[in-house]
Amino acid sequence: VVGVAFCEIKKYNETSKNTAVLAQNLFIAEQIRDILIDFVGADNVIYLPSEELVESEFLAASPDIKCDRIGGLVDLLSAEHKIIIMNVATALRYYPDPKLFASRIIKINKNDTINFSEFNKECSKIYKRRTCKTFCRF
């Protein structure tokens, strides 16, 4: 894990493009992420986790993984010279077209007042559903 992280740091320092690390599983991806954050900073690392659970364990899956993945996808839209870390399960997932994904982002600022009735109507227009799931964004 340490060797992979240091090879990636070297590659990151030698190029001005995005680079990617594909780890065997979520645990190793998290270890690599932690090392990279220590050496290149959290602003230069995009983490895209994905559950590696069998169906019976799916109900116990952490919502934090969804938040991290959504946040990573948002960061990836404007990424320049970043290290992208993912596991195999993440790489094999279907992802929407970046333009479609970007058009469906609803931005809420810290001090905004939200009318939830209007918010749900807006979600319904965008997602063509009756309810809207909201995701945390650090």
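**Helix packing, salt bridges and a nonpolar patch**

In this predicted model, the buried residues of helix H3 pack against H2, strand E2 (45-48) and helix H5 (98-103). The residues of H3 that are buried are Ile 65, Cys 67, Arg 69, Gly 71, Gly 72 and Leu 73. Helix H3 itself comprises 15 residues (63-77) and reaches 22 Å from its first C-alpha to its last, which is close to the 21 Å expected at 1.5 Å a residue.

The count of salt bridges in the model comes to four, and among them are two whose partners both lie in helix H1 (residues 2-14). In one of these, the side chains of Glu 8 and Lys 11 meet with an N to O distance of 3.9 Å, the two residues being three apart, or about one turn of the helix. Glu 8 is buried, with a relative accessibility of 4%, whereas Lys 11 is partly exposed at 41%. In the other, Lys 10 and Glu 14 meet at 2.7 Å, N to O, and are four residues apart, again about one turn of the helix; both Lys 10 and Glu 14 are exposed. A further salt bridge joins the side chains of Asp 34 and Arg 33 at 3.1 Å, N to O, and Asp 34 is partly exposed, with 38% relative accessibility.

On the surface, Val 2, Phe 6 and Phe 39 make a nonpolar patch of about 300 Å². Of these residues, Phe 39 is placed in helix H2 (residues 26-40), and Phe 39 counts as exposed because its relative accessible area of 52% lies over the 50% cut-off.

Methods
Residues numbered from 1 in each chain as written. Predicted model: local features only at pLDDT ≥ 70, side-chain atom pairs only at ≥ 80, totals over all residues. Heavy atoms only, no water. Patch = residues over 30% accessible without salt bridge, like charges linked within 9 Å, V, L, I, M, F, W, Y side chains within 5 Å. Areas by Shrake-Rupley, 256 points an atom, 1.4 Å probe, with all protein chains shown as cover. Buried < 20%, exposed > 50% of the residue type's maximum accessible area, 1.4 Å probe, protein only. Expected span 1.5 Å × (residues − 1). Contact = heavy atoms within 4.5 Å.
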